[in-house]
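Here's a chain to pick over, one label at a time. Each turn asks what earns a label, and the reply puts the value next to the cut-off.

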Amino acid sequence: MSMIRQSEWLSAAVIGIFFLCPSFLFAQRATVQLSGKVTSAENELLEFATVMFKGTNVGTTVNGKGEYRLEATPGEYTLIVRSLGYRTVEKRLSLTRRQTLNIVMETEANALEEVFVVGKSTAQQVNESAFNVVAINAKAFHNSTLDLAHALDRISGARIREAGGVGSNAEFSLNGFSGRHVKFFLDGVPMEGFGSSFQINNIPVNMAERIEVYKGVVPVSFGADALGGAVNIVTGSGQQRRTFVDASYSYGSFNTHKSYVNAGYTAKNGFTMQLNVFQNYSDNDYWIYTPVLDLNTLVFSPDEKKVRRFHDTYHNETLIAKVGVVGKRFADRLLLGITLGKDRADIQNSNIQKIVFGQRYRKGETLMPSIQYAKKNLFTPGLDVNLTGNINLGYSQNVDTASRQYNWYGEYREISRKGEVNYSFAKYYNNNGSLSANIGYKLNERHSFSLNNVTTTFDRTSKNTVALTGSINATDTFPKITVKNVSGLAYKFDYAGRWNVSLFGKHYIQYTKGPKNVSTATNSYKYELFSNTFSTTGYGAATTWFLRDLQLKLSYEKTFRLPTANELFGNEDLEKSNSVLKPENSDNANLNVSYNKRFGRHHFLYLDAGFMYRDIKDYIRRVVESMHNTAAYENHGHVRNTGYTAEIRYSYDRLLTAGGNVTYQNLRNKEKYRSPGSPVISTSYNSRVPNVPYLYGNADFSLFFANVGRKSNTLNLGYNALYVYQFPLRWGTNGAYDSKDMIPTQFSHDVNLTYTLQNGRYSISLECRNLTDARLYDNFSLQKPGRSFSAKIRYFFST
C-alpha cells in the first residue's frame with residue numbers, strides 16, 4: 001500500500017507545483033486580448049476553425065458563434081487560422097492593445113488532397129514535431145465500413161493481426177512490436193482498462209477525426225510506458241460545434257450489421273452535450289478449410305475440408321455520453337461522462353483452428369464514469385493544464401459447461417468430463433482506474449516545459465465455483481492487483497521553426513500482487529501468493545531539422561514497458577496468468593526523413609523513409625501451449641530489431657490520389673546461451689523471432705469525379721491492396737525450412753465506391769473486401785473471412 005500512497009503523492013505534487021508556482025512567478029505579467037469572428041467567403045460561421053499564435057501555445061477553437069479570443073503578452077505575432085477544407089490564413093500583427101480582427105477564409109481548391117495526404121490540415125503540427133509520428137485524417141474513411149483497426153492497417157509499419165471475423169481477438173503490430181508493446185490512447189487517455197466492448201476492432205472509424213501513430217519514442221505528454229510506440233485516437237470532442245449529427249448504418253456478408261450515431265449540442269452560454277452510440281453484430285459464418293475430427297475414431301482427416309463456422313456470433317453495444325461546459329474563463333473544457341457497453345462472443349475454436357467448440361462463450365459489460373478538464377493559459381499565458389480521470393467497474397464472464405466434444409460439421413459426442421475445455425462459469429470484475437495530469441508551460445517562442453503524471457490501477461475479483469484445484473483456472477481465490485505510475489518531465493527548444501530539440505526523463509513504478517505457479521512439473525499448476533514492487537528511470541531526446549521541403553528526424557530513448565494486467569493475470573479463459581513477468585527495457589533509436597513538395601497548382605508528392613533500432617531485454621512474447629491449447633506470456637531475455645520503412649504518395653488536383661508503403665524488420669534472438677551461466681549455446685541464437693511478420697506493405701488508389709448527377713455531388717472509386725510475406729510459427733533453426741509450420745503469404749484486394757450528395761450531407765458506399773476470395777491468415781491455422789460485400793448509408797448535419 002506504500003506504493004499506492006507514493007503514486008498519490010506524486011499526482012498531488014504534479015498538480016500542486018504547477019498550479020501554484022507559475023501563478024506566483026508570473027501573476028504580474030500584463031496581457032492583451034485579440035478577438036474576432038471567423039467566417040467563410042459565403043459568410044458562414046466556421047466553428048471548426050482553430051486560431052493560434054505561431055510558435056506559441058496560445059491558441060483556441062472558434063465557438064458556436066464563430067468567435068475566438070486570445071490573450072498574450074504585448075509583442076509581434078503571426079496569427080494562424082486553420083479549418084478543414086479552407087486555405088490556411090497567416091497574418092502578421094503587432095499586439096500592443098486590445099484589438100478586434102475578423103478573418104474570412106476561402107475554400108481550398110485542393111481540399112480533398114488534405115484528407116489523403118499525410119501531414120496536412122489539422123495533422124500538420126503533429127507531423128512537424130521531432131518525434132517519428134504519422135498523423136492521418138480519419139475523415140478519409142468516414143464513408144467506409146472500416147473500424148479503427150483496419151484504418152490503422154493502411155499506415156506504414158503497422159499491421160493488424162486478427163484471429164477471425166468481427167469481434168475476434170485483434171493484435172496491433174508496429175515495426176515488429178505487437179500487443180501491449182504499443183499503447184493506445186483516446187484523446188490522450190490510456191485505453192488499457194476500457195473493457196472488451198471498447199476495442200480498436202469494434203470502434204467505428206467515424207468516431208475519430210485524426211489518428212496519430214508514434215513509431216518508437218513517445219512524448220512525455222502521454223505518460224506512457226510504451227516500448228514499441230503509441231497510437232492516439234483524436235475524436236475532436238473538444239470542438240465547439242453548436243449542433244451536429246453524424247449517423248450511419250451498414251449491412252454486409254455473414255449477416256453483419258454496424259450502426260453509429262454521434263451527436264452534440266453546444267448552447268450559446270457554453271453548455272454542451274455529446275453522445276456517441278455504436279453497435280456491431282455478425283454471425284461470422286464464413287467458410288474455412290481445416291482438418292475435421294471423426295468422432296468415432298477420434299482421428300483428424302488427412303486433408304482439409306471446406307466447412308462453415310457455426311458457433312461464432314458476436315455483438316457489442318456501446319454508449320458514451322458527456323455533459324459539461326466549454327469556452328469558459330475557468331475552463332476551455334469541463335466534461336463529466338459515462339461509458340456503458342456490453343458484448344458477447346461465441347468461442348468457435350481454440351488457438352489451433354482444428355480444435356472446435358460448440359457451446360463456449362464469453363460476455364462482458366462496461367460501466368465507466370469519467371471526468372475531463374482542460375484550460376489553456378491558466379493563470380498566466382502559456383500555462384496549459386489537462387486533467388482526466390476514469391474508472392471501469394465492469395465485468396467479464398467465461399462460460400464452459402457443456403459435456404460435449406464437437407467437430408467442424410457441428411456433430412458432437414457426449415463426454416464424461418464437464419466443460420469442453422475446462423468447466424467454468426467464471427465471472428470476474430476488472431476494476432480499472434486511470435488518473436492523469438498533463439501540464440505544459442511555454443516560457444517564450446523558444447523554450448517550453450511539460451510535466452506529466454499517469455497513475456493506473458487494476459484489481460480483479462473472480463468467482464468461479466466450478467473451478468477445480470490444480471486446473472488452469474484455479475487462481476480465482478487469489479488477489480490480482482497491479483498499480484502503475486509513470487511520471488515525466490520534458491524540455492523543448494525551438495529555433496525559429498527551423499530546428500527543435502526535446503529532452504525528457506521518465507520515472508516508472510509498478511506494484512504487483514497475484515498468484516505464482518511454483519510447480520516444477522511440466523503442465524502442472526500449484527499457486528502461491530506473490531507480490532513485487534519495481535521502480536526505475538528512463539530518459540531520451542528527439543530532434544528535427546527543416547530544410548526547404550525536407551524534414552529530418554532523429555530520436556533516442558532508454559525506455560521500460562511494464563507488464564499489463566492481461567499479461568500478468570490472463571483472461572480467465574484461454575490466456576493463463578504469469579504474475580512474475582519482469583518489465584521489458586529497451587534502447588530505442590529512430591531516423592526518419594520526409595519530403596513534401598507541391599509542383600505547380602495540380603501535383604503534390606510526398607516521400608518518407610525511416611530506420612529504427614531496438615535492443616530489448618526481458619522481451620515479453622506470447623507462447624501457445626500445446627497440451628491445453630492455451631497461451632501465456634513469458635520473458636525471453638534479449639532480442640534486437642532493426643527495421644526500415646518507406647512510403648510514397650502522389651495526388652493530382654482533385655482527381656486522383658495514389659500511394660503505397662513497405663516495411664521490413666529483422667527481429668532476432670540475441671540470447672546466446674540456453675540459460676544463465678550455461679556454456680551451451682542456444683540453437684535459436686540469432687534466429688528470427690517466430691510468429692512475427694517481417695515483410696509487408698500496402699498500396700491504394702482513388703479517383704474522384706465532381707458534379708456527378710448534379711452539382712455538389714461526387715463519386716469516389718477506390719482500391720486497396722495488402723501484402724504480407726510468409727513467416728514461421730516457431731524458431732527458424734528448428735527443422736528443415738520446408739517442414740516448418742508457416743503463416744502463409746497473403747495478398748488481398750479491396751475495392752470501394754462512394755457517392756456523396758449535397759456537399760457530403762448524404763453518402764452511399766459499396767465495398768468488397770478480399771476481392772479474389774484468397775485464403776488469408778494472420779495467425780497460424782486461424783483463417784480470416786473470404787470475399788465479403790457491404791453497403792453503408794451515412795447522414796451528416798451541422799449548424
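Q: What makes two strands count as paired?
A: Two strands pair if DSSP finds at least two bridges between them. Strands β26 and β27 (residues 383-392) have 6 bridges and run antiparallel, so they qualify under the rule of at least two bridges. One of the matched positions is I371, whose bridge partner in β27 is G389. Bear in mind that this is a predicted model.

Q: How do you know that β26 pairs with strand β28 as well as with strand β25?
A: Same test. β26 and β28 (residues 395-399) share 5 bridges in the antiparallel sense, and Y361 stands opposite V399 in β28. With β25 (residues 333-346), β26 (residues 361-375) has 14 bridges, again antiparallel. Here G341 stands opposite T366 in β26. The cut-off is at least two bridges, so both count as pairs.

Q: Why are β9 and β14 called edge strands?
A: The sheet in question is open and has 5 strands, in the order β9-β15-β16-β13-β14, with mixed pairing. β9 (133-137) and β14 (189-190) each pair on one side only, and that is what the label refers to.

Q: What makes β15 and β16 a pair in that sheet?
A: β15 (residues 210-214) and β16 (residues 229-234) are joined by 5 bridges and run antiparallel. E212, for instance, has N232 in β16 as its bridge partner. Two bridges would be enough, so the pair stands.

Q: Why is the pair F172 and F184 called edge-to-face?
A: The centres are 5.3 Å apart and the planes make an angle of 80°. Pairing needs centres within 6.5 Å and edge-to-face needs planes over 60 degrees apart, so both conditions are met. F172 lies in strand β11 (residues 170-174) and F184 in strand β13 (residues 182-186), so the pair ties together parts 12 residues apart in sequence. Both F172 and F184 are buried. By the same rule the count comes to 19 aromatic pairs, and one aromatic cluster is made of F310, Y406, W408 and Y412.

Q: How do you know that a charge sits over the ring of Y412?
A: The charged end of R404 is 3.8 Å from the centre of the Y412 ring. The distance limit is 6 Å, and the charge must also be within 35 degrees of the ring normal. R404 over Y412 is listed as such a case. The charged end of R360 does likewise over the ring of F357, at 4.8 Å from its centre.

Q: Why is N453 called buried?
A: N453 has 1% relative accessibility, so it counts as buried, the cut-off being under 20%. N453 belongs to strand β32 (residues 447-463).

Q: What makes the link between N453 and N485 a polar contact?
A: The two side chains come to 3.1 Å. The limit is 3.5 Å between N or O atoms, so the distance fits.

Q: Why is S35 buried but S253 partly exposed?
A: S35 is at 15% relative accessibility, so it is buried; S253 has 22% and is therefore partly exposed. The line between the two labels is drawn at 20%. S35 lies in strand β1 (residues 32-40) and, neighbours within four places aside, is in contact with Y68, R69, Q99, T100 and L101. S253 is in the loop between β17 (243-252) and β18 (256-266), and touches S788 and F789 on the same kind of count.

Q: What makes the phi of R548 worth a remark?
A: Most residues other than glycine have a negative phi. R548 is not a glycine, yet its phi is positive, about 55°. The residue sits in the loop between β35 (527-547) and β36 (550-561). With a relative accessible area of 83%, R548 is exposed, since the cut-off is over 50%.

Q: Why does N686 get a different exposure label, "partly exposed"?
A: N686 is at 36% relative accessibility and so counts as partly exposed, the band between 20% and 50%. N686 also has a positive phi, about 70°, without being a glycine. Its place is the loop between β42 (656-669) and β43 (695-706).

How values were computed
Residues are numbered from 1 along each chain as its sequence is written. Side-chain values use heavy atoms; hydrogens and water are left out. Helices (H or I, at least four residues) and strands (E, at least two) are DSSP runs, numbered from the N terminus. Rings of Phe, Tyr and Trp (its six-membered ring) pair if their centres lie within 6.5 Å; planes under 30 degrees apart count as stacked, over 60 as edge-to-face and the rest as tilted. Buried means under 20% relative accessible area, exposed over 50%, partly exposed in between (1.4 Å probe, protein chains only). A polar contact is a pair of N or O atoms within 3.5 Å; within protein, one must be able to donate a hydrogen and the other to accept it, and residues adjacent in sequence count only if both atoms are side-chain atoms. Contact means heavy atoms within 4.5 Å.
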